[in-house]
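Let's take a walk through this one together, a piece at a time. Have the picture open and follow along.

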Amino acid sequence: MLNWEDFSERVQTMFKRYEMLGINYAKSSYLVTDDTEIDIENQKVKLTLQNEYPNADIRYVLGDEDLNQNAIKYSDPISLNKTTIVKASLFNNNEPKGTVLIDTIRFHKAVAKKVKYLTSYSERYSGSGEFNMTNTLRGTKNFHDGKWQAWLNRDMELIIDLNTPQAIQQVKVGSMENQGPSIFFPTAVIVSISNDDETYQEVGRIERDFAMNSDIELKDFTIDFAEQDVRFIKVKAVFIINKTVNMFKIKDIKSFRLVLYFVIPFVLLLFIKYAFSKSNEKYQSLNENFQAKEISKTDRKENIILPDTVDYIFHVKPILSDRCYSCHGPDENVREAGLRLDTKEGAYAAIGEHLDKYAIIPGDTQLSQLVFRINTADEEKRMPPVTSNLALTQYEKLLLTKWVEQGAVWKDHWAFVPPVKKDLPKISNPELANNPVDYFIIKKLEEKNLTLSRPASKEKLIRRVSFDLTGLPPTLNDLDVFLNDSSENAYEKVVDRLLNSPAYGEHMASNWLDVARYADTHGYQDDLERVMWPWRDWVISAFNRNLPYDQFIEWQLAGDLLPNATLEQIVATGFNRNHKITQEGGVIDEEYRVEYVLDRTNTTSKALLGLTMECAQCHDHKFDPISQNEYYSFYSFFNKVDEKGRIEYDEIPEPNITITPKEIEAALSFVHLPDSIDQVKLMVMKDNALDRKTFVLKRGAYDAPTDEVEPNAPNIVLPFSEEYPKNRLGLANWLFDENNSLTARVAVNRLWQQIFGVGIVSTSSDFGNQGDLPTHPELLDWLAVTYREEGWDTKKILKLLVMSSTYQQSSKITPELFEVDPENKYLARSNRDKLSAEMIRDNALQVSGLLVNKIGGPSVKPYQPEGLWEETTSGQGLTKYIMDAGENLYRRSLYTFWKRTVPPPAMMTFDAATRDFCSVKRQKTSTPLQALVM
Amino acid sequence: MKLKIFLLIWLLFAISCSKPKVYTEKDIQIIPQPVEVKIQPDEFKFDQNTKFVVSNDEQKKLASELVNKFQKATGWEFEMLDIAPKNNFVQFVNDDNFKSEAYTLVVTSNNITITAGGMAGFLYGLETIKQLLPLEIESSQLVSNVDWVIPNIEIKDEPRFKWRGLMLDLSRHFFDKNYIKKTIDRLAMHKMNVLHLHLVDDQGWRIEIKKYPKLTEIGSWRVDQEDKHWNARAAVSPDQKGTYGGFLTQNDLKEIVQYAQSKNVDVVPEIEMPAHVTSAIASYPYLSCFNNQVAVPSGGVWPLTDIYCAGKETTFEFLENVLLEVMEIFPSKYIHIGGDEATKTNWKKCPHCQKRIKEEGLNNVEELQSYFVKRMERFINSNGKKLIGWDEILEGGLAPDATVMSWRGVKGGIEAAEQGHDVIMTPGTHCYFDHYQGPQNHEPLAIGGFTPLSKVYQFDPVVETMNEEEAALES
């Protein structure tokens with residue numbers, strides 16, 4: 001009368017009805033379960049997949065395959081003879097349905113080896129009998145699953161006979177605790193070995209006190225010992241509760257009516273794990289990790305190779321930052337379970353309702369909740385939660401586990417520790433090195449068994465260095481001179497000439513305009529013209545004069561606040577007025593004024609500190625230790641300007657200064673005011689709203705002020721000294737404080753990026769927890785400290801970089817090299833890099849002899865396709881692009897008129913920045929449009 | 001004229017010759033499986049002109065549920081008529097010869113007829129129609145492109161068991177009135193007819209008793225440790241404030257009972273005694289042997305030694321007063337008095353209990369429990385009701401007219417049936433849904449066990465030697 005097959009079809013229709021009705025029914029019957037049977041003779045495991053439904057469409061993959069792509073329909077048991085990951089799911093209409101079963105069938109050295117039981121297991125819980133302990137199969141949390149052997153009221157003691165001596169270094173005993181029905185972990189596990197089965201020598205034991213445990217938990221007791229050849233392994237597990245017996249009575253650990261009445265002191269399952277072959281490789285900073293990761297990707301089916309020493313900064317933190325910080329990070333408002341993993345105090349702190357648990361207990365993988373939670377198969381408990389879509393890979397789980405095992409050594413985020421100049425590393429062929437830069441590069445190459453490539457040809461080298469330092473190609477004459485110069489310092493002469501040419505300042509300025517979000521219009525809807533070019537003239541001049549970087553920045557941030565500020569220093573502050581300004585009617589003035597202050601804050605943070613502080617505008621930063629409070633403290637430096645949110649058409653925003661030939665003659669000789677213009681007004685910074693208070697803005701909204709804040713800088717970088725004035729000048733002092741861990745690193749990294757194409761920290765805008773790690777951390781620090789020690793001499797650093805052997809290498813790539821280092825992280829060759837948008841156009845002008853070598857002045861309007869402005873303007877102001885005539889058609893590209901809403905189209909095609917906001921690194925793309933522009 | 005008639009006939013012929021759709025058993029997916037199903041070719045099609053033919057208000061009320069569902073899914077508003085039109089209608093036909101929950105459902109291309117002896121049969125007939133219709137009938141919003149057809153079919157159906165129940169343990173986990181009403185809907189959907197409310201247990205008293213207000217002031221609330229496994233919750237003291245819990249007022253319960261009646265569901269109250277009553281003793285310590293002040297526990301308690309005193313007369317006075325209010329609320333023929341898992345260590349020591357044993361000529365505390373239950377049965381019977389208890393009430397002698405719920409496996413059920421008692425089969429192995437339903441590593445926390453769907457399905461309440469009549473089923 002009862003026909004499950006028939007019912008199972010009807011009930012699936014019923015399930016659909018439940019779905020229509022919004023009834024939350026148990027999906028348990030969709031689960032695929034696996035059952036394993038061992039073929040003792042052939043040492044193979046037969047894996048059976050099943051589901052409650054008869055004729056279920058079960059599909060599976062083995063190893064790394066993707067269940068959505070390559071699933072194999074299950075029909076007969078799968079035969080396995082090595083450690084294998086199995087993933088299986090019920091399929092419906094070719095889609096996986098329900099939870100995916102993931103199980104690892106493990107093989108070890110004791111598979112199918114005979115076990116001699118010195119104390120016999122319970123007949124009611126006999127598992128699969130005499131081979132249960134060595135059959136590779138793991139028990140589940142269900143103690144009735146037929147896989148567990150139990151010892152009732154007695155110790156477990158047994159001997160495994162490996163037949164012949166084998167190298168063993170680890171024994172694992174799998175066990176379960178489920179105190180409800182009186183199933184307990186052992187309180188001691190003892191392993192002894194022997195080769196004659198008579199005299200046994202103890203090689204390790206784990207002892208623990210009995211502890212109350214409300215969970216059903218699976219745990220492996222792992223005993224490690226020095227590798228040795230053994231034949232017999234004796235394993236003993238003991239359960240003693242002594243004083244705790246009383247506690248049991250008091251606590252009434254029993255159950256209500258559902259529980260079966262029996263007592264099992266503990267249930268035990270044992271298996272022995274393969275001893276990993278010892279790797280000879282030594283840990284060497286992050287690149288080891290990269291390599292290990294790469295290997296693990298290709299090789300995961302066999303073995304996961306972990307670094308010998310797991311490093312917090314280079315291995316652990318990137319995982320925590322990506323997968324854990326969003327709930328266990330700096331943002332207090334979304335922090336779960338009171339656990340904070342981004343600080344040392346938080347990570348080691350007691351957690352849980354009774355503060356009786358720890359996420360991380362150095363060295364203890366058994367009790368560290370982190371290890372348990374990432375590895376547990378219980379989806380309710382597993383971290384990251386399934387719903388977060390942030391799964392850990394097996395490699396990452398093993399890495400975190402090993403880190404805890406090795407003592408969970410904490411290190412502060414590298415970028416928040418001030419740089420230290422280390423001695424140059426020793427290299428085996430110092431003659432290859434031209435200067436200190438090379439020592440660091442060659443050292444790393446030697447570790448990888450790589451060498452520098454041969455030097456590039458002179459023709460290529462002069463072209464490369466000309467573009468990198470001036471943005472222009474060498475002239476034929478330059479080339480001839482260099483080729484014919486056989487003196488030892490011929491190349492150095494070229495470098496010096498380039499650094500001293502006016503084109504150097506133009507090229508450097510061209511990069512800085514991206515950082516400063518320079519444009520010739522106000523942006524937003526109306527996007528009318530503004531005059532900021534005198535500030536651009538100053539930038540060019542500052543670079544050409546090699547104004548030290550600390551002054552270059554100090555003047556731009558706070559020139560107006562310097563004692564007896566010169567007009568030039570005030571002009572420099574135009575930097576912080578390059579942001580967009582709206583002219584649209586009907587906007588809320590304060591809302592936009594706040595926008596401008598936010599822009600300055602974010603620009604300063606990104607350009608000078610390499611921090612994504614803007615994340616803390618609406619809430620505490622999710623990844624870096626920057627609170628929202630600190631964000632607005634930083635913001636308050638820029639919040640004293642008496643400015644308007646919305647300006648009228650043709651209004652020149654206050655505060656500004658007037659520049660006439662008189663001022664130019666007196667103090668601003670770098671401003672190239674054309675004869676046709678009498679005067680210009682330039683926006684500058686001025687703290688003329690000193691009474692304005694700054695508040696934390698709730699959710700970053702201008703009209704939701706909460707707590708008042710005072711000017712301050714992020715504490716994690718460097719506490720803001722009492723001695724500094726609480727204004728932009730103080731901020732500049734803070735930035736160039738010797739202990740500021742970021743300013744110098746961020747600056748040299750950007751210079752490195754300019755010369756080598758990619759920064760030592762490839763995320764040049766983010767040195768925080770989410771940023772990439774430096775490929776050569778010691779080199780970065782060496783350069784940073786040197787830059788400071790050398791008086792922030794930018795030309796000197798650039799010369800150092802381009803004079804290095806590393807820079808002068810050929811960019812020729814061999815297949816072997818490409819295999820080892822496809823991204824050229826180690827610099828065993830020169831990078832092949834794209835020319836920037838400006839360089840491409842300037843190159844064309846130069847080689848065709850059209851380029852006009854004239855410095856500075858107002859922006860120019862060279863050729864651009866017709867009709868673009870008309871298409872995209874609001875009907876106000878700049879509605880028509882009127883092309884210039886004469887020499888203005890052939891000026892260098894940094895002078896091209898930059899309309900924010902319609903930037904020069906050819907430049908955009910070649911990845912120029914939009915100048916809507918600060919940008920420290922351009923994209924590098926290849927698109928067919930580029931060919932069309934050419 | 002002749003030609004016209006001929007044409008008409010030909011046309012009719014042509015239409016009727018278009019191949020009717022043939023349905024097979026696979027197309028009929030009804031739970032529970034009807035007793036007899038005969039499938040015919042072709043189908044009945046609902047459209048906006050379909051009518052419902054009802055002969056009284058009760059039928060009208062029943063029909064309106066399906067009419068409303070159609071309205072939600074299709075926007076159609078079916079008309080209800082007293083007299084059948086020519087075709088395209090659903091009709092209720094009363095036949096007093098039918099057993100109370102039996103019905104037949106006959107579907108032809110022309111109309112649908114449900115024949116039954118009363119409300120329950122019609123309700124189940126309509127439920128069957130719903131399950132024959134496309135799933136979209138359950139949609140709460142308008143759907144399009146659905147053929148509202150059901151196959152031509154003849155179904156004869158009646159339940160195998162009189163008692164098809166579900167127990168909700170409101171004590172261990174409190175459910176509010178709305179959830180309970182929703183549960184009643186789902187019972188009706190599965191043609192089940194008993195909702196057994198476990199209103200009293202150690203961890204919470206859930207029914208308002210006007211004469212004993214502390215039962216709900218104190219007994220309904222426990223210290224919140226809901227985040228822990230049931231058996232891992234710490235012991236609490238009486239001065240800790242309880243925040244988890246709640247109770248149903250008498251009005252709530254009356255509303256539930258009335259709602260259930262409209263769905264052919266009998267609500268059976270369970271008032272546990274003499275054990276599983278820590279919540280009552282926490283409220284009125286005099287109910288225990290030694291007047292100990294205890295707290296409402298947050299989770300599992302074992303063994304259950306805080307039980308009612310079987311010696312004091314005041315205990316029975318209390319219970320009778322409670323049951324009088326309970327019987328006032330629940331019209332059900334049955335009152336469940338629990339009776340399980342009493343650990344009688346206090347009874348052995350208690351002078352009142354020992355006096356009772358002596359006076360009543362009992363041999364031991366097991367017989368004292370039997371005395372307790374029999375005395376309660378007499379009281380219940382004298383109020384025109386019947387007693388149900390868990391299978392422990394067999395111990396020390398079963399009360400004469402008691403019905404037994406067999407929860408510790410099926411043995412108690414067999415034993416009671418052999419003694420000629422009614423039995424409800426509720427073995428923990430198959431009918432307890434606080435068990436894991438799938439592989440434990442993948443399941444949310446449960447009390448333990450492993451009871452997958454197939455295992456539940458495969459339980460046949462009529463075990464071994466039992467007669468069909470003796471058994472009923474409850475989950």
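What share of the contacts in chain A with a separation of 6 or more comes from residues 24 or more positions apart? The figure is 68%. Keep in mind throughout that this is a predicted model.

## Chain A at a glance

Chain A has 934 residues, and 43% of them are buried. Its secondary structure adds up to 30 helices and 20 strands.

How sure is the predictor about all this? Chain A has a mean pLDDT of 86, with 93% of its residues at 70 or more. Residues 242-302 of chain A are another matter, since pLDDT stays under 50 there. The model does have 125 contacts beyond four places in sequence for that stretch. Still, a word of caution applies: where pLDDT is low, the predicted coordinates should not be read in detail.

## Two open sheets in chain A

Start with an open sheet of 3 strands in chain A, ordered 1-2-5 and paired antiparallel. Strand 1 (33-39) and strand 5 (78-80) of chain A sit at its edges with a single partner strand each, so one side of each has no neighbour in the sheet. From one strand to the next, the twist averages 30°. Strand 2 (residues 44-50) of chain A pairs with strand 5 of chain A over 3 bridges, in the antiparallel sense. If you'd like one pair to look for, A:V45 has A:L80 in strand 5 of chain A as its bridge partner.

Another open sheet of chain A has 4 strands in the order 4-3-6-7, again with antiparallel pairing. Here the edges are strand 4 (72-73) and strand 7 (95-105) of chain A; each has a single partner strand, so one side of each is left without a neighbour in the sheet. Strand 3 (residues 58-62) of chain A joins strand 4 of chain A through 2 bridges, running antiparallel. Look for A:Y60, whose bridge partner in strand 4 of chain A is A:I72.

## Around strand 13 of chain A

Strand 13 (residues 217-238) of chain A is joined to strand 10 (residues 156-177) of chain A by 17 bridges, and the two run antiparallel. Within that pairing, A:V173 has A:F221 of strand 13 as its bridge partner.

Strand 13 of chain A also pairs with strand 11 (residues 188-194) of chain A, through 7 bridges and again antiparallel. There, A:V189 stands opposite A:A237 of strand 13.

## The nonpolar cores

Which residues have the most contacts inside the largest nonpolar core? They are A:V748 and A:L801, in a core of 130 residues. Helix 22 (residues 743-756) of chain A gives this core its largest share, 8 residues. Beyond its neighbours within four places in sequence, A:L801 is in contact with A:V437, A:L751, A:W752, A:I755 and A:Y807.

A second core, separate from that one, has 117 residues, including B:F92, B:I137, B:V265 and B:M376. As a general habit, nonpolar side chains in soluble globular proteins tend to be buried together.

## A close look at B:T104

Over in chain B, B:T104 lies in strand 5 (residues 103-107). Is B:T104 buried or exposed? B:T104 has 21 other C-beta atoms within 10 Å, and 20 are enough to count, so it is buried. Its strand is similar: 4 of the 5 residues of strand 5 of chain B are buried, so the strand is largely enclosed by the rest of the structure.

Strand 5 of chain B has antiparallel links to two strands, with 5 bridges to strand 6 (residues 111-116) and 5 bridges to strand 7 (residues 149-157) of chain B. With strand 6 of chain B it forms a hairpin, with 3 residues between them. B:T104 stands opposite B:T115 in strand 6 of chain B, and its bridge partner in strand 7 of chain B is B:K156. Apart from neighbours within four places in sequence, B:T104 is in contact with B:T115, B:I155 and B:K156. B:T104 and B:A116 are 12 residues apart in sequence, with their C-alpha atoms 6.6 Å apart in space.

## Where the chains meet

How many residues of chain B are in contact with chain A? There are 41, and they meet 40 residues of chain A. Strand 20 (448-450) and helix 14 (453-457) of chain B each supply at least two residues of the side of chain B that touches chain A. By type, the residues on that side are 19 nonpolar, 15 polar and 7 charged.

Definitions and conventions:
Residues numbered from 1 in each chain as written. Chains lettered and ligands numbered in written order. Predicted model: local features only at pLDDT ≥ 70, side-chain atom pairs only at ≥ 80, totals over all residues. pLDDT = per-residue confidence, 0-100. Contact = placed C-beta atoms within 7 Å. Buried ≥ 20, exposed ≤ 12 C-beta atoms within 10 Å, placed from the backbone. Nonpolar A, V, L, I, M, F, W, Y, C, P; charged D, E, K, R; others polar. Pairing = 2+ DSSP bridges. Axes fitted to C-alpha atoms, helices over the stretch in contact; angles between N-to-C directions. Core = buried A, V, L, I, M, F, W, Y, C linked by C-beta atoms within 7 Å.
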